Amino acid sequence: MKILIVNGVNLNMLGKRETDLYGKETLKDLENRLFSLKTGAELHFFQSNSEEEIIEKIHSHKNEKYDYGIFNFGAHTHTNIAIRDAILSVKLRFYEVHISNIYAREEFRHHSFFSDIAIGSIVGFGLDGYEFALQKIIKEKNGS
């Protein structure tokens with residue numbers, strides 16, 4: 001099973017920016033944590049601050065044939081219809097993850113352009129949210 005994990009804008013700054021909100025772990029820490037779960041899944045990590053690069057990575061599903069996605073697009077969540085259209089064009093099933101509780105923050109962060117097309121949204125559990133999404137995917141794939 002192949003899983004595409006995409007982190008968007010500013011998530012390369014995890015562990016450095018607003019640590020009271022996002023924690024002190026880095027993206028590399030997240031990758032190590034998910035690999036350590038030994039799920040047997042083939043995990044493909046991608047991070048970009050560029051809308052174009054994120055869209056191209058999602059379009060790669062046509063050739064790569066990912067089984068699922070775990071997506072945290074950062075601020076693109078609240079603004080980006082082009083990324084939404086890219087997901088719809090390749091019909092990739094995914095979980096939406098947010099490290100912070102977007103509903104307890106500024107009102108403009110309360111809307112997601114992705115939650116209605118996601119299998120589910122995991123919000124406010126820090127990096128554990130990625131683990132929850134991965135565990136749920138494994139359960140779904142195993143028919144649990």
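Two strands pair if DSSP finds at least two bridges between them. Helices (H or I, at least four residues) and strands (E, at least two) are DSSP runs, numbered from the N terminus. This is a predicted model: local features need pLDDT of at least 70, side-chain atom pairs count only at pLDDT 80 or more, and totals for chains, interfaces and linings use all residues. Residues are numbered from 1 along each chain as its sequence is written, and side-chain values use heavy atoms, with hydrogens and water left out.

**Exercise 1. Trace the pairing of strands E1, E3, E4 and E5.**

Step 1. Start at strand E1 (residues 2-7). E1 pairs with E3 in the parallel sense, over 5 bridges. Asn7 stands opposite Asn72 in E3.

Step 2. Move to strand E3 (residues 68-72). E3 runs parallel to E4, joined by 3 bridges. Gly69 stands opposite Phe94 in E4. Phe71 has Glu96 as its bridge partner.

Step 3. Go on to strand E5 (residues 120-123). E4 and E5 are parallel too, with 4 bridges. Here His98 stands opposite Val123.

**Exercise 2. Decide how strands E3 and E4 are covered, and sort their side chains by direction.**

Step 1. Fix the scale. Buried means under 20% relative accessible area, exposed over 50%, and partly exposed in between (1.4 Å probe, protein chains only).

Step 2. Take strand E4 (residues 94-98). Because 5 of its 5 residues are buried, E4 is largely enclosed by the rest of the structure. Phe94, Glu96 and His98 point one way; Tyr95 and Val97 point the other way.

Step 3. Take E3. Again, 5 of its 5 residues are buried. Tyr68, Ile70 and Asn72 point one way, Gly69 and Phe71 the other.

Step 4. Read the pattern. In a regular strand the side chains alternate between the two faces of the sheet.

**Exercise 3. Examine three salt bridges and the cover of their partners.**

Step 1. Apply the rule. A salt bridge is a side-chain nitrogen of Lys or Arg within 4 Å of a carboxyl oxygen of Asp or Glu. The count comes to 8 salt bridges.

Step 2. Check Glu64 and Lys2. Their closest N and O atoms are 3.2 Å apart. Glu64 lies in helix H4 (residues 61-64) and Lys2 in strand E1, so the pair ties together parts that are 62 residues apart in sequence. Glu64 is partly exposed at 34% relative accessibility. Lys2, at 18%, is buried.

Step 3. Check Asp67 and Lys141. The closest N and O atoms of this salt bridge are 3.7 Å apart. Asp67 sits in the loop between H4 and E3, and Lys141 in helix H6 (residues 128-141); the pair links distant parts of the chain, 74 residues apart. Both partners are partly exposed: Asp67 at 29%, Lys141 at 45%.

Step 4. Check Glu25 and Arg33. Their closest N and O atoms are 2.7 Å apart. Glu25 is partly exposed at 31%, whereas Arg33 is buried at 18%.

Step 5. Follow the shared partners. Salt bridges join Glu25, Arg33, Asp128 and Glu131 into one network.

**Exercise 4. Which residues form the negative surface patch, and where does Glu56 lie?**

Step 1. Name the members. Glu51, Glu52, Glu53 and Glu56 form the negative patch (residues with over 30% relative accessible area and no salt bridge, like charges joined within 9 Å).

Step 2. Place Glu56. Glu56 is in helix H3 (residues 51-59).

Step 3. Check its cover. Glu56 has a relative accessible area of 49%, so Glu56 counts as partly exposed.

Notes:
Patches are made of residues with over 30% relative accessible area and no salt bridge: like charges are joined within 9 Å, nonpolar side chains (Val, Leu, Ile, Met, Phe, Trp, Tyr) within 5 Å. Accessible areas come from the Shrake-Rupley method with a 1.4 Å probe; for residues, only the protein chains shown count as cover. Lys and Arg count as positive and Asp and Glu as negative; His and the chain ends are not counted. The place of a charge is taken as NZ of Lys, CZ of Arg, CG of Asp or CD of Glu.
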